[in-house]
Amino acid sequence: MISGAEIVIRCLQEEKVEYVFGYPGGSVLHIYDALFKQEEVKHILVRHEQAAVHAADAYSRSSQKVGVALVTSGPGVTNTVTGIATAYSDSIPMVVLCGQVPTAYIGQDAFQECDTVGITRPCVKHNFLVKDVKDLAVTIKKAFHIASTGRPGPVVVDIPKDITAQVCEFDYPKTVQMRSYNPVVKGHLGQIKKAVQILQEAKRPIIYAGGGVILSEAAEKLTVLARKLKFPVTNTLMGLGAYPATDPQFVGMLGMHGTFEANNAMHYADVVFAVGARFDDRVIGNPEHYGQEKRRVIHIDIDPSSISKRVKVDVPIVGNVNEVLDEMLKLLDGDVVTDPDVADWWKQIDQWRGRDSLAYRQSAHIMPQYVIEKLYEVTGGDAFVTSDVGQHQMFAAQYYKFDKPRRWINSGGLGTMGVGLPYAMGVLFANPGAQVACVTGEGSIQMCIQELSTCKQFELPIKIINLNNGMLGMVRQWQEMFYSKRYSQSYVTSLPDFVKLAESYGHVGMRIEKPEDVEPALRKAFTEHKNDLVFMDFIIDPGANVFPMVAAGKGLTEMILAEDL
Amino acid sequence: MRHIISILIENESGALSRVAGLFSARGYNIESLTVAPTEDASLSRMTILTRGSDEVLEQITKQLNKLVDVVKVVDLSEAAHTERELMLIKVRATGKDREEMKRMADIFRGRIIDVTESTYVIELTGSSAKLDSFIAALDAGLILETVRTGVCGIGRGDRILKV
């Protein structure tokens with residue numbers, strides 16, 4: 001017989017959990033005591049619960065493993081909500097263990113009590129309140145099972161304090177069966193055959209690949225398939241790295257800040273092959289505008305509710321992308337014959353490419369695009385790049401050419417500012433020794449800046465690329481373009497001296513103000529300061545904007561290009 | 001379009017709020033909702049009356065199926081089915097209205113299940129439209145209180161919703 005607290009830890013050991021990101025408090029004291037008495041599961045103490053969940057999220061994004069966070073009841077839980085919602089939007093498998101007040105106190109407005117199951121319900125894949133210590137092990141097993149199968153997502157397990165004190169036999173089930181939860185894995189073979197047929201008939205095809213390719217570990221298969229077909233490939237923001245960005249068949253990211261060629265190809269294609277992507281508003285813009293062209297759409301997704309949600313699909317294939325691509329490759333064994341007109345389509349695409357939509361003006365100031373280009377060079381294109389949310393995120397997505405999956409770590413769906421630094425922490429725990437750059441801005445970084453302390457404690461040599469324009473850049477860009485330059489609350493005054501701030505936490509700080517200093521500074525950070533956290537404060541051109549741009553509510557071909565202005 | 005959705009769901013605390021939360025979060029409407037355990041006490045059967053286009057209904061059923069506690073979902077109104085709603089209505093029954101109320105209840109095949117000197121409680125079962133017409137047929141000033149269960153429905157013949 002062992003206590004509920006020990007059961008929690010034993011479950012984590014059984015799941016081979018290496019790291020738990022968390023913050024202790026009253027309701028989880030028994031669990032922290034059980035954690036203290038063993039060494040297998042290591043605990044990473046953050047400085048704010050939000051960061052614990054973000055770090056667990058990035059641990060998963062960069063490794064495929066399930067991230068785990070542990071927090072106390074009440075404010076511990078409410079602080080995790082942003083992180084849980086972020087993971088939910090991007091379908092990231094995660095288990096969040098929360099303390100709760102003792103069973104007898106639930107509903108009495110006890111100290112640090114909140115309705116965890118109620119508060120988290122709309123932003124989790126599933127959640128549980130454990131009411132009996134005998135259910136604890138099987139509930140945690142279910143949590144890991146649900147989080148990591150089907151369309152992945154975060155699962156919350158709410159554990160009252162008295163349950164962690166009670167004792168019972170520990171028996172960790174090897175598998176769980178749930179009559180109400182049986183996600184589809186294999187795609188329908190008839191549909192797959194139909195899809196292959198349509199692909200071979202396509203005259204103006206586009207492969208549109210999203211985060212589902214990365215989540216199902218199918219990047220390699222997608223690459224093989226795309227090369228066999230010799231079709232153009234575009235990736236969504238969440239799909240960057242699913243197809244190598246340096247490959248000639250890659251036409252760049254699509255969507256609101258996608259390339260001219262990717263957006264045009266997506267619009268004028270006669271066959272769209274959507275793989276683990278969901279046609280969201282940032283990708284296709286106005287669905288009515290998108291619906292003007294006649295085309296056939298093939299869509300592979302594990303979640304049937306993502307199919308025909310915003311764009312009518314002709315060949316829906318519900319299944320795990322990896323399994324479905326496997327079947328497709330079997331059908332496309334040997335030489336593949338595609339329509340000869342595809343050659344003309346490529347000519348058209350090359351013409352669009354000729355517009356060089358990512359060209360940017362030079363200035364006496366540092367251009368943010370230039371910093372990312374240099375970051376790419378200095379890191380050999382092989383770094384893990386985390387980002388916050390805003391202009392810097394788009395610049396990183398546009399100018400860092402990701403050739404491998406799981407290297408680009410950002411909050412695509414929810415668009416959560418503040419994730420960058422805790423994401424970099426999570427990445428380093430999953431990938432020790434890796435080069436990790438956190439591309440951020442002076443607005444975003446301050447939303448989780450307290451984690452510089454965690455980085456010191458665990459000696460995490462993150463390179464923070466702070467693209468500092470003294471503005472909430474993306475807000476300013478919209479205000480400049482759509483609100484007649486009324487810069488309401490987008491100017492950040494009273495910024496800290498980031499160099500001193502970094503130093504006060506025991507890190508290295510650098511301020512870079514001239515274009516010619518960008519590359520030497522980056523080199524210094526990644527070589528001389530390889531083992532240090534370096535906070536690089538790049539003072540950039542405050543007028544730089546992200547282009548191309550499809551304004552909200554506009555169609556994919558209604559792009560604003562840098563040269564238009 | 002009016003649709004009746006039947007759901008088999010794990011009979012666990014919070015299951016109802018998952019369904020209700022889904023409808024409010026995604027902007028679907030619920031006209032009525034009934035829920036009770038089935039012959040297998042570990043399962044509840046929920047019936048939701050909603051309205052929406054075919055596209056919206058497709059999303060509703062897909063989203064419901066995505067809920068981990070949901071075992072099965074069918075749109076009953078897609079095929080032959082039968083539906084009923086129960087109403088209890090308390091009416092003033094004094095003077096000449098007393099006899100009139102009794103007559104109305106008989107015409108609609110209702111039953112009087114509670115009698116006082118001045119009131120009746122009438123139990124009436126049928127389609128929602130029938131219940132509406134009963135209310136419309138009464139003098140509004142005589143209606144003291146109504147309570148309706150919301151629609152429940154079942155497929156005809158071999159259409160069976162079971163695990």
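This note goes through a predicted model point by point, from one whole chain to cavities, pockets and single residues.

1. Chain B as a whole. The secondary structure of chain B consists of four helices and nine strands, and when chain B is read along its sequence these elements follow the pattern β-α-β-β-α-β-β-α-β-β-α-β-β. The C-alpha trace of chain B spans about 55 × 35 × 35 Å along its principal axes. Of the 163 residues in chain B, 42% are buried. If one takes the contacts in chain B between residues at least 6 apart in sequence, 72% of them join residues at least 24 apart.

2. The enclosed space. How many cavities of 30 Å³ or more does the count give? The count comes to one cavity of that size, and the largest cavity has a volume of about 140 Å³. Its lining is made up of A:R61, A:D90, A:I92, A:G211, A:I214, A:L215, A:M238, A:R406, A:W408, A:I409 and A:N410. Two elements of chain A, α10 (211-215) and β16 (408-409), each supply at least two residues of this lining, and the largest share, three residues, comes from α10(A). By class, the lining of the largest cavity divides into six nonpolar, two polar and three charged residues.

3. An open space with residues from both chains. The second largest pocket holds about 1100 Å³ of space, and 40 residues line it, of which A:D303, B:Q63, B:N65, B:K66 and B:L67 lie nearest its centre. The elements that give two or more residues to this lining are α5 (81-89) of chain A together with α1 (15-25), α2 (54-66) and β4 (70-75) of chain B. The lining of the second largest pocket has 16 nonpolar, 13 polar and 11 charged residues.

4. Cysteines without disulfides. Over all chains, the structure holds zero disulfides, and two cysteines of chain A can serve as worked cases. Why does A:C98 form no bond with the closest cysteine sulfur? The closest cysteine sulfur, in A:C114, is 8.0 Å from the sulfur of A:C98, which is too far for a bond, because a disulfide requires the two sulfur atoms to be within 2.5 Å. A:C98 has a relative accessible area of 1% and is therefore buried. For A:C438, the closest cysteine sulfur is in A:C455, and the separation of 8.9 Å is again too far for a bond. A:C438 counts as buried because its relative accessibility is 0%.

5. A:L421 and its surroundings. A:L421 is placed in helix α19 (residues 420-430) of chain A, and with a relative accessible area of 1% this leucine is buried. Leaving aside neighbours within four places in sequence, A:L421 is in contact with A:D388, A:C438, A:I445, A:C448, A:I449, A:E451, A:L452, A:C455, A:I462 and A:I464; the student may notice that this list includes A:C438 and A:C455, the pair discussed in the previous point. A:S305 is 116 residues from A:L421 in sequence, and the two are 33 Å apart in space, C-alpha to C-alpha.

6. A:Q477, a glutamine in a helix. Is A:Q477 buried or exposed? Its relative accessibility is 0%, so A:Q477 counts as buried, the cut-off for that class being under 20%. A:Q477 lies in helix α21 (residues 473-482) of chain A. The side chain of A:Q477 reaches the backbone nitrogen of A:V546 at 2.9 Å. Not counting residues up to four places away in sequence, A:Q477 touches A:H257, A:Q391, A:N545, A:V546 and A:M549, so that A:V546 appears here as well as in the side-chain-to-backbone pair.

7. A:D497, an aspartate in a loop. A:D497 sits in the loop between α21 and α22 (498-504) of chain A. With a relative accessible area of 30%, A:D497 is partly exposed, because that class covers values between the 20% and 50% limits. The side chain of A:D497 reaches two backbone nitrogens, that of A:V499 at 3.0 Å and that of A:K500 at 3.1 Å. A:G509 is 12 residues from A:D497 along the chain, and their C-alpha atoms are separated by 9.6 Å.

Methods. Residues numbered from 1 in each chain as written. Chains lettered and ligands numbered in written order. Predicted model: local features only at pLDDT ≥ 70, side-chain atom pairs only at ≥ 80, totals over all residues. Heavy atoms only, no water. 1 Å grid on protein atoms, 1.4 Å probe; cavity = no way out; pocket = protein on both sides within 12 Å on 5 of 7 lines; lining within 4 Å. Points joined across faces, edges and corners; volume = space filled by probe spheres on them. Nonpolar A, V, L, I, M, F, W, Y, C, P; charged D, E, K, R; others polar. Buried < 20%, exposed > 50% of the residue type's maximum accessible area, 1.4 Å probe, protein only. Polar contact = N/O pair within 3.5 Å; in protein donor to acceptor, adjacent residues only side chain to side chain. Contact = heavy atoms within 4.5 Å.
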